[in-house]
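Trainee: Could you take me through one part of this model slowly? I'd like a close look at the largest cavity.

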Amino acid sequence: MPSSLLLAAICTFLFSRVPPSLPLQEVHMSRETIGKIAVASKMMWCSAAVDILFLLDGSHSVGKGSFERSKHFAITVCDALDISPERVRVGAFQFSSTPHLEFPLDSLSTRREVKARIKKIVFKGGRTETGLALKYLLREGFPGGRNGSVPQLLIIVTDGKSQGHVAPPAKQLKERGVTVFAVGVRFPRWEELHVLASEPKEQHLLLAEQVEDATNGLLSTLGSSGLCSTAAPDCRVEAHPCERRTLETIRELASDAPCWRGSRWADAVMAARCPFYSWKKVFLTHPATCYRTTCPGPCDSQPCQNGGTCIPEGMDRYHCLCPLAFGGEANCAPKLSLECRVDVLFLLDSSAATTLEGFLRAKAFVKRFVQAVLSEESRARMGVAGYSRELVVAVPVGEYQNVPDLVRSIDNLPFSGGPTLTGSALQQAAERGFGSATRTGQDRPHRVVVLLTESHAQDEVAGPARRARARELLLLGVGSEAVQAELEEITGSQKHVMAYADPQDLFNQIPELHGKLCSRPRPGCQAQSLDLVFLLDASASVGPENFARMQSFLRSCALQFDVNPDVTQVGLVVYGSQVQTAFGLDAHLTLAAVLRAISQAPYLGGAGSAGTAFLHIHDKVMTVQRGARPGVPKAVVMLTGGRGAEDAAVPAQKLRNNGISVLVVGVGPVLREALRRLAGPRDSLIHVAAYTDLRYHQDALIEWICREAKRPVNLCKPSPCMNEGTCILRNGSYRCECRGGWEGPHCENRVLRGDAPKARGSRQDPAGGQQPQPSRQLQRPGHPGS
């Protein structure tokens, strides 16, 4: 690197340990362009014939962590290569004190094989003998290559801190026609990488720590030589200013102090000033130019109107963050309007717990909403009420002259400051909140109550909410995250709740509320009989915060089912340091009880074993004695972060063999192969990118459960017979053949000594006698068979 670049700037950091995540190559551009670079790297493809050899630095100065990142970079590059014996061949060396061939170019013929082999490379450690590795290649050539009949690429991934000379062998390699990419890792010495790289230097110098940027830079350079191309014709390579940094340790004069030294000419000790030095780490910066491929993004055409902000979602999708009153349609184009016939009553919490500030904020929300959606052509009608101890109806639905008149009435609604009696308010709103707007028969419009609150109710809400919904009222909730669970219980669905983390985010809910007022929610399979057990990963690999997110997701899923002993039963098992039944199938008979029990499920921590958890469900949860119903479809839904699933394939198959469906929901960078084996032959697997994205996969989960609930049921799988009794199918029913010492319909009763042996497969007559019971008739779906 020219010395003038070394003197460009010195950034000094007074620390002894520099975080390894600190970027050492920064491309100076907008965040949007950086995102385009990351996307474009996934759209590039190299299919021309070429031999590519990775030379990975496995020395102690690199360290095991950075060596793993070097492997990750190599694997990411392989994702863009058309690896086959005729097209792209890939090999790998690891070098430290000596070079070691990991696999030659002609040994692996598919991309999957190459990536798997790179993953298995073991860090060796030792000195950084880069020159020795280059001389080996000069002497032996590319192992398994095509003798220079195709282009040869050498990708050296190193920190550039070699113990020997690298310039002569690097020069000779390049003179033989080998293209050399120098890829820095850890805190690279850019001067040495500059010596290694081919011309033009700027296009052959990269940083492996920033894998998507480095991959884009490498493929962009190969694209200029025709070896690679992009999927989109409008993509282009552009030059961007960037900056590379080298970490150095320097000595600096700290101070001086008096000291005493002997004199050469006199037998005496003389006083003098002695310097004291300190060592510190500095970054030497090197201005440079980086060449990267970018492709046109969906926001380049500025599709969002009326001041909306375009947020890209990949290469061809986007969404608009619209200002208030412009979120009703795509691209923020029209003003919001309600086309459906709907009567809406806004129910505002005016209690002391919400505070005057929160009450005024709710009134401002309602005023902005009605100003945005109401017009002379609107078929919607609004009303407003406040509550604390009692309900105060400021405007019955539809009883206003115009929008300004409605806004003035909202302004006049007083703050009460009493207790938060939400349940009572819901009951009163259902009875008298709609005033003269209430009509009957086909002439009655869709009726909606929108509850706005930031505080928990001080009375019972489940019953009044259920009775309000029974009057065909749609309940929608708008509130803070603190009351989200309570609003879900009131409205009956997570889809009917709009929660916000920050009070200022309340006004961002206006477009979403507009969309919900005219939508008729699609019910799930609520009338379908089902024994459903959720298996929740509560291990340390998930963490308490993500565990809470999974609990919230389960509550949302449970809302889609009619929970009662005759239709859907729900159980929950958690596993981590141990396996624990949070609640069994017959523990909670109502939806409200199930929702509360899910919230109270314990986070366990520790290392989890999914296999042990599945066996626990097989032996102790999905059994007749623990509430499972014969003749009712059964399903297990497992939510996991992926750790501890390696031993679960056989236990999961054991459940399937007993007629129990199993679905695996894997979250985050899960162990895909282990979960795929776990998913079974029907590939019952849903992969979720992050815990915060779980809600986007609820529909797919509910659809799978409903589909499984309709599958044919084998009455003897799982066996309803207890105590090692044998289940025997016969003419659409079953009977249990009991072993010695047991009797009853399910072999549940022990024969007392001295009693006459009773017929196997019999049960007691209600009158007190004994009635032969050769078979057990299957009752209607949804009813217990015991």
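Mentor: Sure! About 70 Å³ of space lies in that largest cavity. On a 1 Å grid over the protein atoms alone, a cavity is a set of points where a 1.4 Å probe fits but cannot get out, and lining residues have an atom within 4 Å of a point. Grid points are joined across faces, edges and corners, and the volume is the space filled by probe spheres set on the points.

Keep in mind that this is a predicted model: local features need pLDDT of at least 70, side-chain atom pairs count only at pLDDT 80 or more, and totals for chains, interfaces and linings use all residues. Residues are numbered from 1 along each chain as its sequence is written, and side-chain values use heavy atoms, with hydrogens and water left out. The pLDDT, the predictor's confidence in each residue from 0 to 100, averages 81 over the chain, and 83% of the residues score at least 70.

Now the walls. The lining is made of Asp-349, Thr-354, Gly-358, Arg-361, Ala-362, Leu-452, Thr-453, Glu-454, Val-478, Tyr-500 and Leu-506. Helix and strand labels come from DSSP runs numbered from the N terminus (helices: H or I, at least four residues; strands: E, at least two). α9 (355-373) and β18 (446-453) each supply at least two of the lining residues, and α9 gives the largest share, three residues.

By class, you'll find five nonpolar, three polar and three charged residues there. Here Ala, Val, Leu, Ile, Met, Phe, Trp, Tyr, Cys and Pro count as nonpolar, Asp, Glu, Lys and Arg as charged, and the others, Gly among them, as polar.

Notes. On a 1 Å grid over the protein atoms alone, a cavity is a set of points where a 1.4 Å probe fits but cannot get out, and a pocket is an open set with protein on both sides within 12 Å along at least five of seven lines; lining residues have an atom within 4 Å of a point.
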